[in-house]
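Q: I am new to this structure and should be grateful for a close look at a single part of it, the main sheet. Please set out how its strands are joined and what lies around them.

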Amino acid sequence: MNGKVPVPLDRALQVGPPTTVVLATCVSREGKPNIITLGMFMHISRNPPLVTIGVSPRRYSHRLIEETREFVVNLPSRRLVEQVMFCGAVSGREHDKFREAGLTPVPASKVKPPLVKECVSNLECRVVASYVCGDHTLFVGEVVAAHVDEDMLKGDVLDVQKAEPVSHRGGIYYTAKKIE
């Protein structure tokens with residue numbers, strides 16, 4: 001078949017492109033913050049600004065987002081890969097991920113979940129819709145405030161080369177390189 005080999009459906013997504021990794025923050029009703037590492041993140045509308053994250057119902061963060069209807073998308077840079085992996089490997093039910101990963105919670109301006117200070121940008125979101133899609137729930141968040149480290153801007157756009165956002169595929173982490 002033209003040099004192509006079939007891939008079993010349970011591995012199909014492993015042959016797709018790497019996805020951007022984000023740290024999503026959320027809080028319990030009592031105000032306890034949590035961080036979840038996600039590879040399911042995407043912009044879906046410019047006006048209004050909407051993003052979506054995919055979270056498994058098995059995750060502690062799923063319940064928090066479902067209850068409070070808020071989250072923050074925090075974009076980590078390459079220098080935070082160890083913290084990204086840690087936050088994806090342990091549960092906030094038993095761990096204070098901010099403290100244990102050495103990350104700093106910063107109060108958000110419009111939502112209750114905190115920003116991650118060490119991340120290059122932060123999108124404060126309120127859930128406007130959610131959809132069960134197979135083994136994950138897609139939470140659609142309207143961006144109600146956005147923040148970026150000033151030195152990471154090129155004009156009014158994130159300088160991706162400088163920010164070095166992290167991507168993930170099959171247990172391997174990547175950063176973007178400009179195509180010349």
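A: In this predicted model, Val22 has Leu38 of β3 as its bridge partner. That pair belongs to the contact between β2, which covers residues 22-27, and β3. Six bridges join β2 and β3, and the two strands run antiparallel.

The sheet to which these strands belong is open and consists of seven strands. Read across, the order is β3-β2-β6-β9-β10-β5-β4, and the pairing is antiparallel. At the edges stand β3, residues 33-38, and β4, residues 41-45, each of which pairs on one side only. From one strand to the next the twist averages 35°. In a regular strand the side chains alternate between the two faces of the sheet.

Further along the order come β9 and β10. Strand β9 spans residues 121-133 and β10 spans residues 136-148. These two strands pair in the antiparallel sense over twelve bridges. One position where they face each other is Ser121, which stands opposite Val148 in β10. The two strands form a hairpin with two residues between them. Gly134, in the turn of that hairpin, has a positive phi of about 65°.

On its other side β10 meets β5, a strand that covers residues 50-55. Six bridges join β5 to β10, and here too the strands run antiparallel. Val55 has Thr137 of β10 as its bridge partner.

Two helices lie across parts of this sheet. Helix α1, residues 60-68, lies across β2, β3, β5, β6, β9 and β10, where β6 covers residues 70-75. The helix runs at about 55° to β2. Within α1, the residues Tyr60, Ser61, His62, Leu64 and Ile65 are buried. The cover over these buried residues includes β2, β3, β5, β6, β9 and β10. An α-helix has 3.6 residues a turn, so residues three or four places apart point the same way. Just after α1, Arg69 takes a positive phi of about 60°. Helix α2, residues 81-89, lies across β2 and β3 and runs at about 105° to β3.

The cysteines may be considered next. Why does Cys125 form no bond with the closest cysteine sulfur? The sulfur of Cys125 is 12 Å from that closest cysteine sulfur, which is in Cys26, and this is too far for a bond. Cys125 is also buried, with a relative accessible area of 0%. Cys119 likewise counts as buried, because its relative accessibility is 0%, and buried means under 20%. The structure as a whole holds zero disulfides. Cys119 is accordingly in no disulfide, and the nearest cysteine sulfur, that of Cys87, is 9.0 Å away.

Apart from the seven-strand sheet there is an open sheet of three strands, in the order β1-β13-β14, with antiparallel pairing. Its edge strands are β1, residues 19-20, and β14, residues 172-175, and each pairs on one side only. Two bridges join β1 to β13, which covers residues 166-169. Thr20 stands opposite Ser167 in β13. Ser167 also stands opposite Tyr174 in β14, so that the strand β13 has a partner on either side at this residue. Strands β13 and β14 pair in the antiparallel sense over four bridges. They form a hairpin with two residues between them, and Gly170 in its turn has a positive phi of about 60°.

The setting of these parts is the protein as a whole, which contains four helices and 14 strands. Its radius of gyration is 17 Å, close to the 16 Å that the globule rule gives for 180 residues, so the protein is as compact as a globular protein of that length. Taken along the principal axes, the C-alpha atoms fill a box of roughly 55 × 40 × 35 Å. Buried residues make up 41% of the 180 residues. Among contacts with a separation of 6 or more, 59% are between residues 24 or more positions apart. The protein exposes about 10,700 Å², of which carbon and sulfur atoms supply 54%.

How values were computed. Residues are numbered from 1 along each chain as its sequence is written. This is a predicted model: local features need pLDDT of at least 70, side-chain atom pairs count only at pLDDT 80 or more; totals for chains, interfaces and linings use all residues. Side-chain values use heavy atoms; hydrogens and water are left out. Axes are lines fitted to C-alpha atoms, for helices over the stretch in contact, and angles run from 0 to 180 degrees between N-to-C directions. Contact means heavy atoms within 4.5 Å. The radius of gyration is taken over C-alpha atoms; the globule rule is 2.2 Å times the number of residues to the power 0.38. Buried means under 20% relative accessible area, exposed over 50%, partly exposed in between (1.4 Å probe, protein chains only). Accessible areas come from the Shrake-Rupley method with a 1.4 Å probe; for residues, only the protein chains shown count as cover. A disulfide is a pair of cysteine sulfur atoms within 2.5 Å.
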